[in-house]
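Please look over the sequence and the model shown below before reading on. The report then goes from the overall layout to one helix and to the surroundings of the ligand.

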Amino acid sequence: MDATHAAVHVQTRNSADYNTVSDINFEFVLSELLAAEICFTINEGRSGKTMDVIGISGSLRKESTNTKALNIALRFAREAGAAVRAVDLGQMAIPIYSEDIPAPPPDLLILQSVLLETDVILIASPEYNHSIPGGLKNVLDWLSVMDNPFDGKVTAIFGVSNGPFGTVRMQPQLRQVLANLGSIVLPKPQICIRNGNEAFTPSEELTDKNTENHLKTLVLKSLKLAEALKMPGIQI
Ligand SMILES: Cc1cc2nc3c(=O)[nH]c(=O)nc-3n(C[C@H](O)[C@H](O)[C@H](O)COP(=O)(O)O)c2cc1C
């Protein structure tokens with residue numbers, strides 16, 4: 001099983017496989033992915049280093065169209081030679097942020113360390129009430145008061161909604177939050193996938209080839225930029 005499929009496997013697992021939601025250990029989720037991971041070293045003639053990519057879906061539901069789009073993007077990254085992993089925010093125990101909570105919860109520390117190590121972060125997110133879904137925003141708020149892993153990191157965002165606007169109102173807000181976290185957010189292509197319920201084939205491919213090509217371009221650009229930032233002498 002390759003890493004993308006491992007991610008799909010973990011994210012689509014029945015909740016009945018776990019005793020309770022609080023029993024789900026993010027470390028386990030990640031280690032399972034790591035065990036299945038295939039790493040390549042690519043881009044010979046360039047930095048020659050394997051690029052690490054982490055995917056985050058802003059939707060926690062099992063049949064999420066954003067998670068489907070994310071899995072396609074992760075597959076493009078893997079085909080380009082990157083080592084890819086997906087984190088499932090729905091499996092993590094993260095309270096709503098409060099300054100009164102004395103320390104970040106363990107799952108968040110694991111997420112932080114994984115994000116600190118990666119080269120590229122891909123975020124696929126729905127739009128809730130014309131804005132960023134609360135669960136995703138909560139995670140970003142938590143990370144912003146820690147050793148923030150987005151600082152100086154390449155991030156690519158895209159989204160699927162089940163309406164005619166395809167997350168076009170949410171994405172500038174997410175871009176603004178990530179900019180405040182110091183992330184280098186790819187400016188283009190901007191990918192807003194509308195009518196999400198009709199946007200995927202039964203085998204979870206995008207029905208529109210143009211959109212698929214744009215998504216691939218976004219992923220490849222993010223890898224190229226992250227690789228350029230790894231070159232000797234480059235410091236941001
Ligand atoms: C709380 C809530 C708010 C929503 N607000 C919007 C919205 O502002 N704009 C929109 O296009 N769709 C909105 N939707 C519909 C989502 O686009 C739709 O549920 C989408 O499939 C969610 O993405 P997912 O398939 O990845 O879960 C909302 C859905 C929920 C649950």
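How many helices and how many strands are there in the protein? There are seven helices and six strands, where helices (H or I, at least four residues) and strands (E, at least two) are DSSP runs numbered from the N terminus. The model is a predicted one, in which local features need pLDDT of at least 70 and side-chain atom pairs count only at pLDDT 80 or more, whereas totals for chains, interfaces and linings use all residues. Residues are numbered from 1 along each chain as its sequence is written.

Of the 236 residues in the protein, 40% are buried, a word that applies if 20 or more other C-beta atoms, placed from the backbone, lie within 10 Å of a residue's own, while exposed applies at 12 or fewer and partly exposed in between.

Helix H7 (residues 209-230) shows both kinds of residue, as the table sets out.

| Group in H7 | Residues |
|---|---|
| Buried | Thr-211, Leu-215, Leu-218, Val-219, Ser-222, Leu-223, Ala-226, Glu-227 |
| Exposed, on the other side | Lys-209, Asn-210, Asn-213, Ala-228 |

The buried residues lie on the same side of H7 because they cover an arc of only 160° around the axis, the arc being that of the directions from the helix axis to the C-beta atoms. Among the elements that cover these buried residues are helix H3 (65-79) and strand S4 (154-160).

Around the ligand there are 16 residues, of which Ser-59, Ser-64, Asn-66, Pro-126 and Ser-161 come nearest, and a residue counts as near if its C-beta atom, placed from the backbone, lies within 6 Å.

Technical notes. Contact = placed C-beta atoms within 7 Å.
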